[in-house]
Amino acid sequence: MTTTLPAYDEVVARYEPVIGLETHVELGTNTKMFCGCPTDFGGEPNTRVCPVCLGLPGSLPVANKAAIEATIRIGLALNCSIATWCRFARKNYFYPDMPKNFQISQYDEPLCVDGYLDVEVNGETVRIGIERVHLEEDTGKTLHVGGATGRIHGATESLVDYNRAGIPLVEIVTKPIPGTGALAPEVARAYVTELRDVLRSLGVSDVRMEEGSLRCDVNTSLNLPGQEWGTRTETKNVNSLRSVERAVRSEMLRQAAVLGAGGRITQETRHFHEDTGDTTPGRSKETATDYRYFPEPDLVPLAPDPAWVQELKAALPELPRLHRRRLQQAWGLSDADMQSVLNAGAVELIEATVAAGATPAAARKWWLGELSRRANETGVELADIGATPTQVAELQGLVDAGKLNDKLARTVLEGVVAGEGSPTEIMTNRKLEVVSDTGALTAAVDEAIAANPAIADKVRSGKVAAAGALVGAVMKTTQGQADAQTVRALILERLTP
């Protein structure tokens with residue numbers, strides 16, 4: 001049965017959303033969590049495995065110290081308390097991508113608890129409570145082939161690649177986030193964006209959502225004002241910042257339609273579809289009891305030395321919010337201008353463009369102008385648009401050198417985004433360089449004067465502003481490649497004493 005979705009404004013006028021996010025981060029260690037297998041992305045399936053990560057009988061795990069250290073640093077950056085004693089547990093469930101039929105994780109005694117992360121949304125600070133940060137091992141990857149969707153339904157066979165099984169995985173779980181109202185989708189996106197920036201600043205992960213090293217599960221529920229929170233759903237493995245926002249909005253609309261029709265929300269996991277922005281049912285949601293947790297008998301408890309924790313805290317890098325504040329001052333931006341940069345996801349891109357030689361104003365112009373427009377039109381993240389900060393700085397350098405004007409630079413940028421090469425290569429190959437040689441422009445200037453005698457007479461009579469029309473005529477004749485200042489100088493040279 002097809003359900004008509006209500007308008008978003010109607011949903012937020014009637015219901016209060018509560019969201020929560022569970023983010024999984026693959027750590028950038030050299031070896032897996034409990035064995036010595038490499039963690040590089042890619043590779044032939046099932047070639048980066050050993051008896052430990054395959055769960056073969058008699059194999060024993062050994063905890064990765066680098067992963068433990070990275071997790072503590074994440075907890076400290078998120079203002080968490082670090083446990084003085086904790087331990088691993090076995091989380092039992094039976095999936096083909098779990099070679100041991102259980103996952104070594106943490107349950108009631110996580111490594112980091114009770115933190116927070118502040119994010120900026122529409123100029124307001126929203127504090128997101130962090131319930132826990134715990135360490136576990138990643139699963140393998142199941143591939144469903146022979147069907148049209150890549151999912152098990154309709155597939156003819158399923159294959160399992162265990163290369164990813166056992167990679168250190170940190171799970172960061174927020175507390176429920178009420179009170180965000182209509183901004184709930186934006187808050188969710190802002191949180192994952194800020195968290196990604198924090199993780200990147202720590203150097204603990206490459207946080208590439210497209211490669212699965214940062215994955216987000218989005219929890220959403222609706223309730224009437226003043227009533228207890230509604231039943232939540234969990235949208236699994238949302239793999240882009242844009243999709244995090246879309247998944248929250250989609251679930252709010254769907255749940256409101258179900259509730260408005262007198263139905264009940266089922267506690268379940270759901271799949272997000274990038275092409276439509278919709279979610280569909282996956283499976284009923286397990287509880288902790290279903291997983292039959294018990295302490296991992298093959299690993300000793302963790303007891304981080306408080307002195308070591310303090311050393312790690314003292315060595316934390318400048319965190320993103322402070323870094324952005326410093327950049328805002330250096331770039332001379334107002335709060336509104338900086339918010340525009342944040343909303344576009346362009347802070348790091350502009351910073352890198354400035355480091356490559358462009359001015360802050362020029363870098364902002366390209367990333368928040370032409371490139372943001374293209375990103376919005378194509379529905380991709382700005383960082384994935386196809387132009388790099390180095391290329392943007394090179395493009396602006398050609399403009400500053402007078403080799404390109406803004407119109408020609410936009411044409412060159414089209415080529416950069418299309419993958420045709422560097423700005424200089426595209427300018428040369430397409431013969432787009434500005435013509436500033438007076439000899440080459442003389443004929444075009446004389447032709448414009450002869451074709452527009454009335455305008456030429458105005459210039460001769462002292463109305464110098466009328467020269468702009470003649471400049472435009474020359475620019476049209478030269479397809480925008482003439483240097484406008486040189487053309488204007490030649491016109492005035494011919495028509496004024």
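## Packing around helix α8

In this predicted model, the cover over the buried residues of α8 includes one strand, β5 (112–121), and the helices α7 (320–331), α9 (347–355) and α10 (360–368). Helix α8 itself spans residues 335–343, and its buried residues are Met 338, Gln 339 and Val 341. Viewed down the axis of α8, these buried residues fall within an arc of 155 degrees, so they line one face of the helix. An α-helix has 3.6 residues a turn, so residues three or four places apart point the same way.

Ala 336 and Asn 343 lie on the other side of α8 and are exposed. Just after the helix comes Gly 345, which takes a positive phi of about 70 degrees.

## Aromatic pairs

The structure holds five aromatic pairs. One of them is formed by Tyr 107 and Tyr 293: the ring centres are 4.0 Å apart and the planes are at 5 degrees, so the pair is stacked. This pair links distant parts of the chain, with the two positions 186 residues apart. Tyr 107 belongs to the loop between β4 (102–105) and β5, while Tyr 293 belongs to the loop between α5 (288–291) and β14 (294–295). Tyr 107 has a relative accessibility of 34% and counts as partly exposed. Tyr 293, at 21%, also counts as partly exposed; the cut-off for buried is under 20%.

Tyr 293 also pairs with Tyr 291. Here the ring centres are 6.0 Å apart and the planes are at 70 degrees, so the pair is edge-to-face. Planes over 60 degrees apart count as edge-to-face, and those under 30 degrees apart count as stacked. Tyr 291 is buried, with a relative accessible area of 12%.

## The tyrosine cluster

Which residues form one aromatic cluster? The members are Tyr 93, Tyr 95, Tyr 107, Tyr 291 and Tyr 293. The cluster therefore includes both partners of the stacked pair, Tyr 107 and Tyr 293, and both partners of the edge-to-face pair, Tyr 291 and Tyr 293.

## Charges over rings

Two basic side chains are placed over aromatic rings. Lys 100 lies over the face of Phe 102, at 5.5 Å from the ring centre. Arg 127 has its charged end over the ring of Tyr 116, 3.8 Å from the centre of that ring.

Technical notes: Residues numbered from 1 in each chain as written. Predicted model: local features only at pLDDT ≥ 70, side-chain atom pairs only at ≥ 80, totals over all residues. Heavy atoms only, no water. Buried < 20%, exposed > 50% of the residue type's maximum accessible area, 1.4 Å probe, protein only. Helix = DSSP H or I, 4+ residues; strand = E, 2+ residues; numbered from the N terminus. Arc of directions from axis to C-beta. Contact = heavy atoms within 4.5 Å. Phe/Tyr/Trp six-rings, centres within 6.5 Å; stacked < 30°, edge-to-face > 60°. Lys NZ or Arg CZ within 6 Å of the ring centre and 35° of its normal.
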